[in-house]
Amino acid sequence: MSTSLSLAVSASPLAKSVRRGVAAASPGYTLIELLVVLTIISLIVGLTGPRVLGYLSDSRAKTAKLQIEGFSSALDLFFLDTGRYPTSSEGLDALTQRPSGVPIWNGPYVKGGRVPADPWGNAYKYRAPVEHLPPYEIVSYGADGREGGSGNAADISSIEK
């Protein structure tokens, strides 16, 4: 008797519509499920976002230090060829273009034939002569592009301070 009852229930129009409704609703997600997922994603982004931005600013400062070290090596090669370091007026451009009055110049001393900007898009500052060894200073003014500052805006120099 139970078999005939189950056949009768499964054949009823109500049972068919209930099965269709369940089958039609099962592939989608409810609004609550979507809101929970969005909340979890926004929490993850909110917690990790500031840390990632901190790494970005640290990597820019490290990139500037590495570029300054590369300029120092290029300036040493310039010195070996010419017997002097570029003057402040010649600047770092002396690494890419022969300065006037220099008979021996085997440049460009910088890869790519141009002096790159610092990671914040500003030009590096070059001063020579200065009263220490090496007799020059290369400076990036940091994120603010102005002398001085602290944190991300701190100056990055070829001189250990």
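A residue counts as buried when its relative accessible area is under 20%. Keep that cut-off in mind for this tour of a predicted model.

**Stop 1: the whole chain**

Start by showing everything as a cartoon. The protein chain has three helices and three strands, and going along the sequence you meet them in the order α-α-α-β-β-β. Of its 161 residues, 22% are buried. If you like contact maps, take the pairs at least 6 apart in sequence: 37% of those contacts join residues at least 24 apart.

**Stop 2: colour by confidence**

Now colour by pLDDT. The chain average is 81, and 83% of the residues reach at least 70. Which elements sit at the two ends of the scale, lowest and highest mean pLDDT? Select residues 2-11 for the lowest: that's helix H1, with a mean of 49. Then pick residues 125-127, strand E1, which has the highest mean at 93. Back at the start of the chain, residues 4-9 fall below 50, and that stretch makes one contact in the model beyond near neighbours in sequence.

**Stop 3: glycine 91**

Next, select glycine 91, in the loop between H3 and E1. Buried or exposed? Its relative accessibility is 9%, so glycine 91 counts as buried. Show what surrounds this glycine: setting aside neighbours within four places in sequence, glycine 91 is in contact with Pro86 and Tyr126. Draw a distance from its C-alpha to that of lysine 125 and you should get 7.9 Å, although the two are 34 residues apart along the chain.

**Stop 4: the nonpolar core**

Tyr126 leads on to the largest nonpolar core, which has 21 residues. Show sticks for Leu75, Leu92, Leu95, Tyr124, Tyr126, Tyr136 and Ile138, the members that touch the most others. H3 gives this core its largest share, six residues.

Zoom in on tyrosine 136. Leaving out residues up to four places away in sequence, its contacts include Ser72, Leu75 and Asp76, as well as Tyr85, Tyr126 and Arg127. Ser158 and Ile159 are also among the residues touched by tyrosine 136, and they take you to the last stop.

**Stop 5: the largest pocket**

Turn on a surface and look for about 170 Å³ of space in the largest pocket. Eleven residues line this pocket, and Lys65, Ser157, Ser158, Ile159 and Glu160 are the closest to its centre. Helix H3 (31-82) and strand E3 (156-157) each supply at least two lining residues, with H3 providing the largest share, four. Finish by colouring the lining by class: you'll find three nonpolar, three polar and five charged residues.

Technical notes
Residues are numbered from 1 along each chain as its sequence is written. This is a predicted model: local features need pLDDT of at least 70, side-chain atom pairs count only at pLDDT 80 or more; totals for chains, interfaces and linings use all residues. Side-chain values use heavy atoms; hydrogens and water are left out. On a 1 Å grid over the protein atoms alone, a cavity is a set of points where a 1.4 Å probe fits but cannot get out, and a pocket is an open set with protein on both sides within 12 Å along at least five of seven lines; lining residues have an atom within 4 Å of a point. Grid points are joined across faces, edges and corners, and a volume is the space filled by probe spheres set on the points. Ala, Val, Leu, Ile, Met, Phe, Trp, Tyr, Cys and Pro count as nonpolar, Asp, Glu, Lys and Arg as charged, and the others, Gly among them, as polar. pLDDT is the predictor's confidence in each residue, from 0 to 100. Contact means heavy atoms within 4.5 Å. A nonpolar core is a set of buried Ala, Val, Leu, Ile, Met, Phe, Trp, Tyr and Cys residues joined through side-chain atoms within 4.5 Å. Buried means under 20% relative accessible area, exposed over 50%, partly exposed in between (1.4 Å probe, protein chains only).
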